[in-house]
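Reader: I would like to learn how to read a protein model feature by feature. Could you walk me through one, starting with charged pairs?

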Amino acid sequence: MTFRPLHDRILVRRIEAEEKTAGGIIIPDTAKEKPSEGEVIAVGPGARDDSGKLIAPDVKPGDRILFGKWSGTEIRLNGEDLLIMKESDVMGVIETSESAKKAA
């Protein structure tokens, strides 16, 4: 099954948080919060302004984003838990520097 978001909506896959703290303490599943970081899977064509002109979205598939704790609607698609949210729910795009990419 394929899914194509409409207007300014985006489809996001949550990126799981670390299982350990920096000090090495393992966090049990019951104490974990849902991650507010994700990867954009699909993007709609964009919203329209008052004159009807299409405004292209700022995010694109593959972007890593930060979003609010209660943002979006959870759905299950092809056995995978995903989120559908408006682009306005995105707080920012996480960009990695070239030097960090080379070090990895």
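**Reading the charged pairs and the strands**

Author: Gladly! Asp81 and Arg76 meet through their side chains in a salt bridge, 2.5 Å from N to O. Keep in mind that this is a predicted model.

Reader: Are these two partners, Asp81 and Arg76, buried or exposed?

Author: The general idea is to compare relative accessible area with a cut-off: over 50% is exposed, under 20% is buried, and partly exposed lies in between. Asp81 has a relative accessible area of 54%, so Asp81 is exposed. Arg76, with 57%, is exposed as well. Elsewhere, Arg13, Glu39 and Glu80 are joined into one network by salt bridges that share partners.

Reader: How many salt bridges does a search of the whole structure find?

Author: The search finds 7. One of them is between the side chains of Asp8 and Lys86, at 3.8 Å from N to O. Asp8 sits in the segment before β1 and Lys86 in strand β7 (residues 80-86), so this pair ties together parts that are 78 residues apart in sequence.

Reader: How do Asp8 and Lys86 count in terms of accessibility?

Author: Asp8 counts as buried, because its relative accessibility is 16%. Lys86 counts as partly exposed, at 35%.

Reader: Which residue forms a salt bridge with Arg64?

Author: That is Glu37, and the closest N and O atoms of the pair are 2.1 Å apart. Since Arg64 lies in strand β5 and Glu37 in strand β2, the pair ties together parts that are 27 residues apart in sequence. Arg64 is partly exposed, with a relative accessible area of 36%, and Glu37 is also partly exposed, at 22%.

Reader: Let us step back to the fold. How many helices and strands are there in the protein?

Author: The protein has 1 helix and 8 strands. A handy habit is to read the elements in order from the N terminus, which here gives β-β-β-β-β-β-β-β-α.

Reader: And how do I read strand pairing? In which sense do β1 and β2 pair?

Author: Look at the direction of pairing and the number of bridges. β1 and strand β2 (residues 37-43) pair in the antiparallel sense over 5 bridges. β2 also pairs with strand β5 (residues 64-67), again in the antiparallel sense, over 3 bridges.

Reader: Which residues stand opposite each other along those strands?

Author: Follow Gly38 in β2. Arg14 stands opposite Gly38, and Gly38 in turn stands opposite Ile65 in β5.

Reader: Tell me about Arg14. Is it buried or exposed?

Author: Arg14 lies in strand β1, and it counts as buried because its relative accessibility is 18%, where buried means under 20%. The side chain of Arg14 also has a partner: a polar contact of 3.4 Å joins it to the side chain of Glu74.

Reader: How should I read closeness between residues that are far apart in the sequence?

Author: Put the sequence separation beside the distance in space. Leu6 and Gly44 are 38 residues apart in sequence, yet their C-alpha atoms are 4.7 Å apart. Leu6 is found in the segment before β1 (9-14). Setting aside neighbours within four places in sequence, Leu6 is in contact with Gly44 and Pro45. With a relative accessible area of 49%, Leu6 is partly exposed.

Reader: What share of the protein's contacts join residues at least 24 apart?

Author: Among contacts between residues at least 6 apart in sequence, the share is 60%.

Reader: Now the surface. How many Å² does the accessible surface of the protein come to?

Author: The total is about 7,700 Å², and 53% of that belongs to carbon and sulfur atoms. Of the 104 residues of the protein, 24% count as buried.

Reader: Which residues make a nonpolar surface patch?

Author: Leu66, Met91 and Ile94 make one of about 270 Å². To be eligible for a patch, a residue needs over 30% relative accessible area and no salt bridge. Ile94, in strand β8 (residues 90-94), has a relative accessibility of 32% and so counts as partly exposed.

Reader: Thank you, that gives me a reading order I can follow.

Conventions
Residues are numbered from 1 along each chain as its sequence is written. This is a predicted model: local features need pLDDT of at least 70, side-chain atom pairs count only at pLDDT 80 or more; totals for chains, interfaces and linings use all residues. Side-chain values use heavy atoms; hydrogens and water are left out. Patches are made of residues with over 30% relative accessible area and no salt bridge: like charges are joined within 9 Å, nonpolar side chains (Val, Leu, Ile, Met, Phe, Trp, Tyr) within 5 Å. Accessible areas come from the Shrake-Rupley method with a 1.4 Å probe; for residues, only the protein chains shown count as cover. A salt bridge is a side-chain nitrogen of Lys or Arg within 4 Å of a carboxyl oxygen of Asp or Glu. Helices (H or I, at least four residues) and strands (E, at least two) are DSSP runs, numbered from the N terminus. Buried means under 20% relative accessible area, exposed over 50%, partly exposed in between (1.4 Å probe, protein chains only). Contact means heavy atoms within 4.5 Å. A polar contact is a pair of N or O atoms within 3.5 Å; within protein, one must be able to donate a hydrogen and the other to accept it, and residues adjacent in sequence count only if both atoms are side-chain atoms. Two strands pair if DSSP finds at least two bridges between them.
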